[in-house]
Amino acid sequence: MGRLGTLTALYVTQYLGIGFITVGLTAILRDGGTSLETLALVQVVGLIWPIKFLWAPVLDRYGSRHRGHYRSWLLVLQAALVLALLALLPFSRPTEQLGAVIAICAAFVFFSATQDIAADAVAVRLLATSERGTGNGIQVAASYLGNLLGGGACVLVYDRFGWVPAIGLLATLTATGLLVVWRFREPDRTDRVVRIGVAYRALLSVFRQPGCRWWTFGVVPLVYVGAGMAYALITPALVDAGWSLGRIGVVTGVVTSVPAIVAGLVAGLGIGRFGRSGVLVAGGAALAVSTMLLLPLMNGRAPLAGTVAALCCFLAAYTIANVVLYTVNMDYSRPGTGGTDFTMLSSFGLVCSFVAASLGLAAADRFGYPAVAVASVVLVAAGVVVGLAHQRRFLPSGQAGQPAARDAVPTTV
């Protein structure tokens with residue numbers, strides 16, 4: 001299996017369980033009579049993901065020379081993902097044993113977040129500059145595919161055959177990632193970080209690279225907050241428009257995932273052909289148009305066909321923007337501390353998304369859905385303008401490459 005195939009397997013399998021926990025398990029528990037307040041506790045375990053930068057330097061510093069620096073981590077973590085899922089097998093009535101189920105889910109999310117650090121570090125090391133768009137397109141598309149399988153297919157299996165077959169399928173699919181890692185041969189690492197303190201200093205030194213602060217604290221918040229505000233309005237707007245929870249789950253969790261997967265792959269290929277700037281403009285324009293298409297929904301009118309089409313367009317556009325942001329984050333990730341750098345930059349984006357959800361809902365309560373949707377378009381447009389200025393300044397000639405210079409990280413050969 002080639003590099004892109006290996007990365008695809010790693011990213012899909014890490015999201016299988018996440019999709020099941022955030023979508024499938026939530027539906028199963030709600031069907032069993034669990035209150036919405038209690039279900040909120042299940043979602044809280046997802047907060048482990050944005051703080052994974054706290055232990056990312058450990059993976060950059062320590063690793064086996066014999067088995068491969070990051071491969072040694074991936075062998076353990078992929079196995080841990082499978083074991084965590086198998087640990088759910090005895091709890092065939094999760095509503096009656098919710099404490100243990102949530103604890104196991106929290107452990108799975110921790111293993112998944114840590115596996116993501118190692119997978120990102122491998123991607124930083126393996127992918128050439130021209131391949132990063134494709135690699136990040138695969139990463140984003142794989143997250144939707146994992147969610148589709150974990151939150152969709154496994155729920156269907158549960159509905160027809162029960163808890164044990166559903167969890168067994170989930171564990172089996174996740175185990176394929178372990179087979180891929182077992183066959184993977186990581187190139188020898190000659191840029192090993194000397195000390196753990198040096199690895200932790202990379203958490204801040206990444207921002208000293210030319211243009212990194214401009215990108216991270218200018219472009220990323222504008223795009224993520226703008227798009228995230230609109231995204232946060234979708235579910236409550238659908239509820240207010242009279243859609244059933246079942247229809248909302250199928251449309252937002254399954255139907256819209258398919259165009260998002262396609263958009264992620266196309267955006268990745270587009271970056272290789274048109275550059276970061278070209279796809280950033282395409283993603284921003286698509287987000288603006290698709291957000292405006294959501295205005296009927298925001299005004300309480302949600303006919304099935306038109307609303308589904310608008311939601312598909314919006315999520316596809318959101319995916320395109322994500323691919324560009326992830327690709328430039330990888331440009332700023334140094335090979336010696338790739339896990340730390342990419343995790344730090346992407347975690348900031350996740351924080352912006354959480355903030356955006358809160359801001360969007362609070363603003364909608366005061367000003368209404370349509371006003372927030374229009375504001376989100378303005379923010380995304382501003383992000384695209386700032387992003388183009390960043391690319392012109394730090395990537396002369398419009399080439400899709402890395403920033404011109406990088407801070408060195410002390411390493412040893």
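Me: Cys154 first. Buried or exposed?
Reply: Buried. In this predicted model, Cys154 has a relative accessible area of 0%.

Me: How many disulfides does the structure hold?
Reply: Zero. Cys154 is in no disulfide. Its nearest cysteine sulfur belongs to Cys105, 13 Å away. A disulfide needs the two sulfur atoms within 2.5 Å, so that pair does not count.

Me: And Cys313, which cysteine sulfur is nearest to that one?
Reply: That of Cys312, 7.0 Å away. Cys313 is in no disulfide either.

Me: What is the relative accessibility of Cys313?
Reply: It is 39%, so Cys313 counts as partly exposed.

Me: New topic. Where is Gly218 found?
Reply: In helix 9, which covers residues 212–240.

Me: Does Gly218 count as buried or exposed?
Reply: Buried. Its relative accessibility is 16%, and the cut-off for buried is under 20%, so Gly218 falls on that side.

Me: How many residues apart in sequence are Gly218 and His390?
Reply: They are 172 residues apart in sequence. In space, their C-alphas are 9.4 Å apart.

Me: Back to helix 9. How far does it reach?
Reply: Its 29 residues reach 41 Å from first C-alpha to last. That is close to the 42 Å expected at 1.5 Å a residue.

Me: Where does the kink in helix 9 lie?
Reply: At Val220, shortly before the proline Pro221. The kink is about 30 degrees.

Me: Which residue follows helix 9?
Reply: Gly242 follows helix 9. Its phi is positive, near 95 degrees.

Key
Residues numbered from 1 in each chain as written. Predicted model: local features only at pLDDT ≥ 70, side-chain atom pairs only at ≥ 80, totals over all residues. Heavy atoms only, no water. Buried < 20%, exposed > 50% of the residue type's maximum accessible area, 1.4 Å probe, protein only. Helix = DSSP H or I, 4+ residues; strand = E, 2+ residues; numbered from the N terminus. Expected span 1.5 Å × (residues − 1). Bend = angle between axes of the 7 residues up to and from the residue.
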